[in-house]
Amino acid sequence: MHTPTAIIIGSGVAGLAMSVRLAVKGYRVSVYETNSYPGGKLSAFKQDGFHFDAGPSLFTEPENIEALFTLAGERMEEYFQYENVPVACNYFFDNGKRVQAFTDKEALQQELADKLGENPEQVSRYLSDAQNLYQQVGSVFLDHSLHKSSTWLHKRTLTAFKAVKWPHVFGTLDSYNRKGFRSEEATQLFNRYATYNGSNPYSAPGMLSLIPHLELNKGTYYPKGGMISITNALYQLALKKGVEFHFDQPVQRIIHHEGKVRGVVVNNNNCFADIVVSNADVYFTYKNLLQHQPKAKRLLRQERSSSAVIFYWGMGDNFPELGLHNIFFSKNYKDEFQYLFDKKEMINDPTVYINITSKLEDGLAPKGNENWFVMVNAPANYGQNWEALIQQCRVNAIEKISRILGRDITPLIRNESVLDPITIESKTGSYMGSLYGTSSNSKLAAFFRAPNFSNYIRGLYFCGGTVHPGGGIPLCLHSAKITAELIAKDNIQPSH
Ligand SMILES: Cc1cc2nc3c(=O)[nH]c(=O)nc-3n(C[C@H](O)[C@H](O)[C@H](O)COP(=O)(O)OP(=O)(O)OC[C@H]3O[C@@H](n4cnc5c(N)ncnc54)[C@H](O)[C@@H]3O)c2cc1C
């Protein structure tokens, strides 16, 4: 019997997960990747003895990784280890207040009561609501295609809708949080979760209040060896399951005929397969690989998520007041988002995020030094003068961190490299350098995200941060699961 064949375009985290899922189903899987390495945004590099994870730094829901190893019949511990991180983030407010976001519920209630005057019961209620919303709505949204009528006709979808209240849909995340908390600081802290999918808390719906459930109720984790261990583990698992990888091999075109996918063009050669899954940005897939300009243009109706400017700094000292994740908040959060999404500029007093993996593991920075991943939210690339914006952003970030920590950090920066919206696009094929595909700034954004399948080319599918259910590692892994289930249901027979 003919073994069914699959081609995957791109080896981002969703492409890797997809390759494992299809290999386990009996497909002969080939992955074509533009870069010389797997992982897409989830990659890493070394700089003068410092290790840096290039993209994602926050790891939640390790069960999504575990599920792939279980599916493949392998022991995850042999490939991938992680530990629990008891403080999800250290928050530094401009007025001098400092808060530790503990993942232990009682410790967090106490901290928010002591530092910000919040009512502990109210904090507990907020987190329970987040959990309820996540469990009800998440079970539909994260595990099923929203573009199939079977999802909408299922009983679980009706039950899920019962958990949704007016403020979740018709209020913004900010208005939802203002009702939940007394202090400006707690509101700002919980508004920040909109940035977890590159959105604006002053226009994104209250529904995003389910995001803290992932981090604060379910926990925050750190993969041993840094975030790159996720890529390495999934890549090794895929190899073990017989997946073939072709690096430095960009796909030029998707071949289809009479409404059925036939394969792809690579190096001007035709490579045939029964199914093709694109893990590349869905906009570029339609525009360049299918040359379907009207469809590509329609996708642009959805606003892109925010991007970022990242400075990778090897720091020549230790900072005991900092932890793995640290946020230095802007004074005026609303203005900051107005700059990002309306003016498409960067404010002079930005929120600065610092991730330091050498806090948890020796060997990621030379002794007595720290590896700082310093990220400032930025608009997607609309052709701004990035050279000037980056220069100003660096000055602003250094000024802010130095002021709040009470010492000038400039002389401690031993080495530096920078990632920006233009280089994010050139290195990972993400249109306009957006981190999470499309934003969730409109109430119906979740429903307008691109589907996981083509409705005019049979056998063509999509996975990754630019399609349903959206960006971020957990959602990308869910997208691979949804797509694998659609493929199984479609039961496409191998062509002989
Ligand atoms: C700076 C930064 C910080 C982030 N922080 C977090 C975080 O803390 N937590 C979190 O969960 N998420 C975070 N994210 C988002 C997260 O990284 C992404 O949502 C996720 O990694 C996207 O994975 P993906 O599978 O969609 O593929 P991508 O990583 O986008 O990879 C797509 C791959 O397809 C390849 N490709 C494209 N076109 C072609 C072609 N024609 N032929 C062959 N190959 C092609 C690309 O080279 C690339 O390797 C962050 C992202 C960035 C950039």
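Biologist: What makes strands β10 and β11 a pair?

Modeller: A strand is a DSSP run of E with at least two residues, a helix is a run of H or I with at least four, and both kinds are numbered from the N terminus. Two strands pair if DSSP finds at least two bridges between them. Strand β10 (residues 251–257) and strand β11 (residues 260–266) have six bridges in the antiparallel sense, so they count as a pair. One bridge joins His257 to Lys260. The hairpin has two residues between its strands, and Glu258 there takes a positive phi near 50°.

Biologist: What kind of model is this, and how are its residues numbered?

Modeller: The model is predicted: local features need pLDDT of at least 70, side-chain atom pairs count only at pLDDT 80 or more, and totals for chains, interfaces and linings use all residues. Residues are numbered from 1 along each chain as its sequence is written.

Biologist: Why is β16 called largely enclosed?

Modeller: A residue is buried if 20 or more other C-beta atoms, placed from the backbone, lie within 10 Å of its own; with 12 or fewer it is exposed, and in between partly exposed. Five of the five residues of β16 (residues 352–356) are buried, so the rest of the structure largely encloses this strand. Val352, Ile354 and Ile356 point one way, while Tyr353 and Asn355 point the other way.

Biologist: Which strands pair with β16?

Modeller: β15 (residues 325–328) pairs with β16 in the antiparallel sense over four bridges, with Phe328 and Val352 as bridge partners. β17 (residues 370–378) also runs antiparallel to β16, joined by five bridges. There Ile354 stands opposite Val374.

Biologist: What makes β9 and β19 edge strands of their sheet?

Modeller: The open sheet has five strands in the order β9-β2-β1-β13-β19, with parallel pairing. β9 (244–246) and β19 (460–462) each have a single partner strand, so one side of each lacks a neighbour in the sheet. Neighbouring strands are turned by 20° against each other on average, direction ignored. Between β2 (residues 28–32) and β9 there are three parallel bridges, and Tyr32 has His246 as its bridge partner.

Biologist: What packs on this sheet, and at which angles?

Modeller: Residues are in contact if their C-beta atoms, placed from the backbone, lie within 7 Å. Axes are lines fitted to C-alpha atoms, for helices over the stretch in contact, and angles between N-to-C directions run from 0 to 180 degrees. α1 touches β1 (5–9), β2 and β13 (275–278), and its direction makes about 165° with that of β2. α18 touches β13 and β19, at about 160° to the direction of β19.

Biologist: Which residues come nearest to the ligand?

Modeller: A residue is near the ligand if its C-beta atom, placed from the backbone, lies within 6 Å of it. Of the 36 residues around the ligand, Gly10, Gly12, Ala14, Gly40 and Gly464 come nearest. Elements that give two or more residues to this shell are α1 (13–24), β14 (307–315), α16 (421–428) and α18 (473–490). The largest share, three residues, comes from α1.

Biologist: Why is the protein chain called as compact as a globular protein of its length?

Modeller: The radius of gyration is taken over C-alpha atoms, and the globule rule is 2.2 Å times the number of residues to the power 0.38. For 496 residues the rule gives 23 Å, and the chain has 22 Å, which is close, so it is as compact as a globular protein of that length. Buried residues make up 52% of the chain.

Methods
Two residues are in contact if their C-beta atoms, placed from the backbone, lie within 7 Å.
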